[in-house]
Amino acid sequence: MKLLKVSLAAALIGVSALGLVTAAPAPTQAQGSIPVDVWALRDVVNAVQISPDGKHLLVHKVESKEGQYILEIYETADLSKPLRRLNADPMEIVSAQWVSGDVIFGTAWQVNRKTVKGPEDDVRDYKTYAYSLSANKFTSVDGNFGIVNLLPEEPDHVLVSTGNVVPDGTGVDPYAAGRPRSYYRFNLKTGARELVLRGGGKIPFVSTWDDKGNPRYTEVQDISAGKIISYYRKPGDSDWIKLNELDLNDPKNLYRVLGGFVGVAGFDPDNPNIGYMIDNLNGEDKAALYEFDFTTGKAVKKLFQTEDADVMSIQLHSIPGNGKLAAARYPGARMEWHWFDEEEKALYEALEKQIPNAWQISISSRSLDGKTMVVTNRGPHDPGSFWLVKDGKLAKLGSRNPLINPEQLADVKYIRYPARDGLTIPAWITIPKGKPPFPLVVQHNGGPHVNGMVSYDEWGQMLANAGYMVLHPDNRISVGWGQKHFDAGYGEHGLKMQDDKDDGVKYLIDQGLVDPNRVAFFGWSYGGYAALVSLSREPQLYQCAIAGAAVADPEKSYIQGGRSNDLKALDEWAKRRGMIGINPIKEVSKVNIPLLMIHGNVDRRVLYYHMKDYQKAFEAAGKTGEFVTLEGADHFYNTLMFNHQQQLVTKMLDYLANDCGPGGL
């Protein structure tokens, strides 16, 4: 491939367009070579997508640090200027995707309230829209819809579902996962909807559909029976066939439920009776990929399994509607591939050779004829870049953060270290410039059972740019590393899960990479909880902790959430997130290091009372700490605006440099 010598100037935004303040920091503020205002930016180019006919590009971007996202549409034959510039004022366009050569489907939001009243109560209102390029017209789509399948064989229709709680992907509502949904064929030309399936009764929703619009697989909770039951359906049949039952009085089954990847993952395009299933059958520890026969209801052949990790997903051929199995995906240094399709393998290998700092390559969209595609890359030396491949040539379109020079970013290394009880802990370290031993920040984000694989981590890179090594441990209970790794974390919140983090610190000290007198803890959400737990560890490894959006009182959170209606194992799981185990608000008398606590006052996932209640107890105990409110900030990354990130990053760097233990970190 050769570089395509064209310009997409509007997408390649520079410093002047963003109006950034790049003045030197105050003398007391820790600062790396990249200014705080650059780290604080929302993703400048958030998405780029090719239309199915290959004739147009959609660019979702922001043009100023305080601005709102807009859409630009370009003709692929003329990338010098946009054909359309679109906004949703007073709302903001937060998602957009081509569903045909003419129509874009997406979501807009608007902040309309100043407070949240309870868990998952959003301050925003959402609107689903359809935009016709030929008519140059927006149409509001009644109801809260999400795209289920583009139905590649029906260019004038898509399959949509209603009942989606957060259609733009800001976060999964844990209280709404099982609500009934209805499914419709949506006519892109007329706007008419034809009911395909109304969820309810035994089958409230469908997990997996095929490209022909057939419902094929689902998992549902039967609370009265204490089970989760999976069903499958053959093409053209109306009856659901029971595949499996999981007894949720047994916590050993939580791995298959909470992992989020076990079950039917796809279908053979040449034989509708053959599918692909991910599962850890026959008592095996790691989940493998199997060929599944719908006529017998059984897995018939193991296609791939790896020794150190679960297969977590499959990847299909990148041409829409092709449907061929291309690869199995599993975690490691990055999300790795095991290829089945030699054509796709060769294409990805060619792209990796051409794209600078290639790490996590993905063909995010491709035309139906296969000749035009948008490729993304994301990794330690690339915040996220977008590339156009057209007629065998390659051109860069834009970046999520065009103001960062790849050479300023830090290397990330995948490691595996032993916990004190012998369990192997996967982790990633972000390595600053210079020579060891380095000061260390242990960073843990949300979950806690999500896979924490690091490709490009903005906060980790920000800390490394300021001179800190960063440890990102996937402690026990993290998914993707087998059932034993997951099960070992049951009921261990603040206990063995916390030991795993401390053992990672000791491992890096023993390797000569870290100064034992310069270690801090930083976490967000569950990681914020872990940061609060670190305050009272004995022996104490940390100089200070920074807790963001922290679950400070999990017992109160459990009671307010009403989780007692869950199946027994899920209810016991919820209790063991702090009611059983360590509850930080009850440990304030044991705190022995300084704390910085930061929380948004409209956080819908971890409500603001967590910080206010903890602050009251903390100060009553006479402990040393600072408490910072991010006004108007929610829980999720894409709800943190420029001013929130600017305040957060500035305070974090200043605190680490000046207030983290004697003399700072």
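**Entry 1. Helix H5**

I began with H5, whose buried residues I list as Glu458, Trp459, Gly460, Gln461, Met462, Leu463, Ala464 and Asn465. I note here that the model is a predicted one. Helix H5 runs over residues 458-465, and eight of its eight residues are buried, so I describe the helix as largely enclosed by the rest of the structure.

I then looked up the two ends of the helix. At the N-terminal end I found Asp457 as the cap of H5, with a side-chain oxygen 3.4 Å from the backbone nitrogen of Trp459. Just after H5, I recorded a positive phi of about 105° for Gly467.

**Entry 2. Thr76**

I located Thr76 in the loop that joins strand S4 (70-75) to strand S5 (84-86). Is Thr76 buried or exposed? I entered Thr76 as buried, because its relative accessibility is 9% and the cut-off for burial is under 20%.

For the polar contact, I traced the side chain of Thr76 to the backbone oxygen of Gly54, at 2.9 Å. Leaving aside residues up to four places away in sequence, I found that Thr76 touches Ile50, Gly54, Lys55, His56, Leu57 and Lys390.

**Entry 3. Aromatic pairs**

I noted 25 aromatic pairs in the structure. I examined Tyr129 and Phe138, whose ring centres are 5.4 Å apart with the planes at 70°; the pair is therefore edge-to-face. An angle over 60 degrees is what this class requires. I recorded Tyr129 as buried at 6% relative accessibility, and Phe138 as partly exposed at 31%.

I next took up Phe618 and Phe627, which also form an edge-to-face pair, at 5.5 Å centre to centre and 75° between the planes. I entered Phe618 as buried, with a relative accessible area of 0%. I entered Phe627 as buried too, with a relative accessible area of 18%.

**Entry 4. Ring cluster and charges over rings**

Which residues do ring pairs link into a cluster with Phe294? I listed Tyr232, Phe267 and Phe292 together with Phe294. I then found the charged end of Arg216 over the ring of Phe294, 4.5 Å from the ring centre. Phe294 thus appears twice in my notes, in the cluster and beneath the charged end of Arg216.

I looked up a further arginine, Arg193, and found that Arg193 lies over the face of Tyr184, at 5.5 Å from the ring centre.

Notes. Residues numbered from 1 in each chain as written. Predicted model: local features only at pLDDT ≥ 70, side-chain atom pairs only at ≥ 80, totals over all residues. Heavy atoms only, no water. Phe/Tyr/Trp six-rings, centres within 6.5 Å; stacked < 30°, edge-to-face > 60°. Buried < 20%, exposed > 50% of the residue type's maximum accessible area, 1.4 Å probe, protein only. Lys NZ or Arg CZ within 6 Å of the ring centre and 35° of its normal. Helix = DSSP H or I, 4+ residues; strand = E, 2+ residues; numbered from the N terminus. Polar contact = N/O pair within 3.5 Å; in protein donor to acceptor, adjacent residues only side chain to side chain. Contact = heavy atoms within 4.5 Å.
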